[in-house]
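Dear colleague,

I am passing on the structure we spoke about, and below it you will find my notes on what turned up when I went through it. Please read them with the coordinates open beside you.

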Amino acid sequence: MTPKQQKFCDEYIKTGNATQSAINAGYSQKTAYSIGTENLKKPELKNYIDSKLKSISDNAIATAEETLTILTQIVRGEHTEQVITSEGDVIDKYPDTNQIIRASSEILKRYPLVQDININGNLTVSNPFENLTEEELRILASREEE
């Protein structure tokens, strides 16, 4: 990749506009459109652009591990935030109970407790209405409405 092509790629990452990127990289305004289009089709340049965009995206978005680390720090009372008091002093504020509960809840959504439930024996469910006729059920239902 030539220095001019690299400049084009870096400009394209900033602007997303191939023509303007070609001009900013030093290509002629007359040929900027065609050079921009052509450069985006070159595998080496495309790979470079894709790699840089992925790196930017990876660094800009918090990972699940980072998020869980912060939530854990809140639960443990290790994460503080700076607040200004009514006197104008800046102090470190520890998480309150509601923040700890919310952080705990978010962690448990990702790691639900696994509970084994063992039921030994027979389970019988009885329905007190199972032997009633349809007419008897209607009479009972109409009494409920009164």
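Of the 146 residues of the protein chain, 15% count as buried, and please keep in mind throughout that this is a predicted model. The chain exposes about 11900 Å², of which carbon and sulfur atoms supply 51%. It holds seven helices and two strands, and from the N terminus on these elements follow the order α-α-α-α-α-β-β-α-α. Among the contacts with a separation of 6 or more, 36% are between residues 24 or more positions apart.

The largest nonpolar core is made of eleven residues, namely F8, C9, A18, A22, A25, Y27, A32, I35, L45, Y48 and I49. At least two residues of this core come from each of helix 1 (3-15), helix 2 (18-24), helix 3 (32-41) and helix 4 (43-60), and helix 4 gives the most, with three residues. If residues up to four places away in sequence are not counted, I49 touches C9, Y12, I13 and L40. There is also a second, separate core of five residues, which includes L68, I74, A103 and I107.

Helix 3 may be worth viewing end-on. Its residues A32, I35, G36 and N39 are buried, and because the buried residues of helix 3 fall within an arc of 100° when seen down its axis, they line one face of the helix. This kind of pattern has a general background: an α-helix has 3.6 residues a turn, so residues three or four places apart point the same way. The cover over the buried residues of helix 3 includes helix 1, helix 2 and helix 4, while the face turned away from the buried side carries the exposed residues Y33 and K41.

A charged residue in helix 1 also deserves a look, namely E11. With a relative accessible area of 9%, E11 counts as buried, because the cut-off for that class is under 20%. Leaving aside neighbours within four places in sequence, E11 is in contact with G16, S21 and N24.

Finally, on the surface, F129, L137 and L140 form a nonpolar patch, with about 240 Å² of accessible area together. One of these residues, L140, has its place in helix 7 (residues 134-145), and L140 is partly exposed, with a relative accessible area of 32%.

With best regards

Methods:
Residues are numbered from 1 along each chain as its sequence is written. This is a predicted model: local features need pLDDT of at least 70, side-chain atom pairs count only at pLDDT 80 or more; totals for chains, interfaces and linings use all residues. Side-chain values use heavy atoms; hydrogens and water are left out. A nonpolar core is a set of buried Ala, Val, Leu, Ile, Met, Phe, Trp, Tyr and Cys residues joined through side-chain atoms within 4.5 Å. Buried means under 20% relative accessible area, exposed over 50%, partly exposed in between (1.4 Å probe, protein chains only). Helices (H or I, at least four residues) and strands (E, at least two) are DSSP runs, numbered from the N terminus. Contact means heavy atoms within 4.5 Å. Patches are made of residues with over 30% relative accessible area and no salt bridge: like charges are joined within 9 Å, nonpolar side chains (Val, Leu, Ile, Met, Phe, Trp, Tyr) within 5 Å. Accessible areas come from the Shrake-Rupley method with a 1.4 Å probe; for residues, only the protein chains shown count as cover. A salt bridge is a side-chain nitrogen of Lys or Arg within 4 Å of a carboxyl oxygen of Asp or Glu. The arc is that of the directions from the helix axis to the C-beta atoms.
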